[in-house]
Amino acid sequence: MTTAVRRGPGLLRDRVFRHYWSAHVVSLVGDQVTLIAIPLLAVLTLGAGPAEMGYLTAAVLVPNLFLSLLAGAWVDRRADKRRVMIVADLGRAALLAVVPVLAYAGVLNLWHLCALSFAIGTLTVFYEVADGSLFASVVRRPDYIAASSLTNGARALSYVAGPGLGGVLVQVLTAPFALVADVLSYLGSALLLARIAPPETAVTAGDDGGLRIGSGLAFIARSAVLRQLLLGVTAMNLFNYVFHALQILYVTTTLGISPGLLGALVGIGSVGGLAGAALTGRLIRRFGIGPVTVLGYVAFPLPLVLVPLAGGPRPTVIGMLLAAEFLSAIGVMILDIAVGSLQTAATPASRLSLVKGAQRTVNYGVRPIGALLGGVLGELIGVHAALWIGAVGAVAGVFFVLFSPVPRMRDLPDP
C-alpha cells in the first residue's frame, strides 16, 4: 500500500472514511441544537435560576471527571470499538427522546433534565474514548493531519450552522421538541457507523492484567510529547474556563450587547473555524507539525484579550468582539488539529482509548474548576479584571510546550 499523503478530497473518496466523517457531521450539528435547546428549556419552560443552570452544566461534565479513566481502560480491552460508539449513539437518542415525551405529558422537571444530561454525558465519554481508536483504524498514519482537518472542519461547520438551526427549531417547535433533531442525528450517526467495518485492535488480557486504569496516565507521564501537550492544554483550559464563565455576563451587562446580537457575533465568528481547518494542513506542510502546534497554543487564547479591551463607540466594540471570536476560532482549529494529530501519532494503536480516557480526565476535569474559579475571581476582584486573568493566563499554557521536544518536530512522531 502506498504511503503517499492524501488531501481532504482524496480522503472523502474513500468510502470508509466518508461514512465515518459523515457520522461526525450529522452528530455534531445535532449536538449544537441540543446545546441551545436544553438551556432554553431549563430557563424558559422550567424557570431555572443561576444555581439550577450550574447543576445542569455540572451534570454533563461530571462523567468526564469520574468515568473517563474507567471508560478508556474498558474500551481499550475491546476489539469492537465501533460497536461501542453505535450503542452510545442509540442510547443518547433514546435518552433525548424521553424529554419531549415527559414535556408532552406535563411532568418534566429540572431534575429529570439533570439526570438525563448525566446519562447522556456518560455515554458521550464512552463514545469519544472509543472514537480515538476508531480514527486510527479508519485513517492511515500519513493521512492523520488531513483527516483531522476534515473532522475538525465538520465541527467548525456545526458551530456555524447548528446554533441558527437550533434557534429556528426552538422558535417553531418549542425547546423540548427541537431536541428531536438531535435524536435523528444520533440515529443517523449510528446508521453510518454501522455501514463500515475497519480492522480494530484490542489489548490482550496478558498485556498488563486487570483494567489498567492508571496505566494511561503513567504512559502519558513517561512520554515527553504527550505529557507536555496535556499540561499545556490543561493550563489553557483552566484559565479559558475562568474567561468563559464570565464572558457572557460581561458582554451583555457591561458592554450592552443584546443576546440576539451576541448570538449573531458568535455564529459569524465561528466561520473562522472553517478557515482554520482549511489552513492548518498547509501550515504544517510548510513549517512542520511542531511550530504549528506552538502557534495553536497562542493563536487560540490570545485574541480573547480583545474582549476586556473592547471599548469606545459601539461599532468599535462590535468589531473587537467579532475579531475575538473569528481569530480565536481559527486558533482553536489549528490547536485541535495539530495536537490531536500529535497525540494520536505518539500513542500505540492498542493504547489509544486508554490514553484518551486519561487525557479527558485531566483536560475535561479542570474545566468546571476553572468555571468555579472564574466566579470567585469575578466576585473578589471584579469581572473585568478576572477576564484579563483568564485571557492572559490561558496563553501561559504555551510555555509547557516550548520546553519540550515539540517545537523541533517537523513530522509526526513514532509511538
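This report describes the nonpolar cores and the salt bridges of the structure above.

The model is predicted, so that local features need pLDDT of at least 70 and side-chain atom pairs count only at pLDDT 80 or more, while totals for chains, interfaces and linings use all residues. Residues are numbered from 1 along each chain as its sequence is written, and side-chain values use heavy atoms, with hydrogens and water left out.

The largest nonpolar core (buried Ala, Val, Leu, Ile, Met, Phe, Trp, Tyr and Cys residues joined through side-chain atoms within 4.5 Å) has 36 residues, and Leu229, Ile289, Tyr297 and Val406 have the most contacts inside it. Among the helices (DSSP runs of H or I, at least four residues, numbered from the N terminus) that each supply at least two residues of this core are H6 (144-173) and H15 (314-345), and H15 gives the most, with nine residues. Apart from this core lies another, of 33 residues, including Ala71 and Ile196.

A search of the whole structure finds six salt bridges, each a side-chain nitrogen of Lys or Arg within 4 Å of a carboxyl oxygen of Asp or Glu. Three of these pairs are listed here.

| Pair | Closest N and O atoms |
|---|---|
| Arg83 and Asp80 | 4.0 Å |
| Arg92 and Asp89 | 2.8 Å |
| Arg155 and Asp336 | 2.2 Å |

Arg155 in helix H6 and Asp336 in helix H15 are 181 residues apart, so that their pair links distant parts of the chain. Arg155 is buried (under 20% relative accessible area, with exposed over 50% and partly exposed in between, for a 1.4 Å probe and protein chains only) at 17%, whereas Asp336 is partly exposed at 26%.
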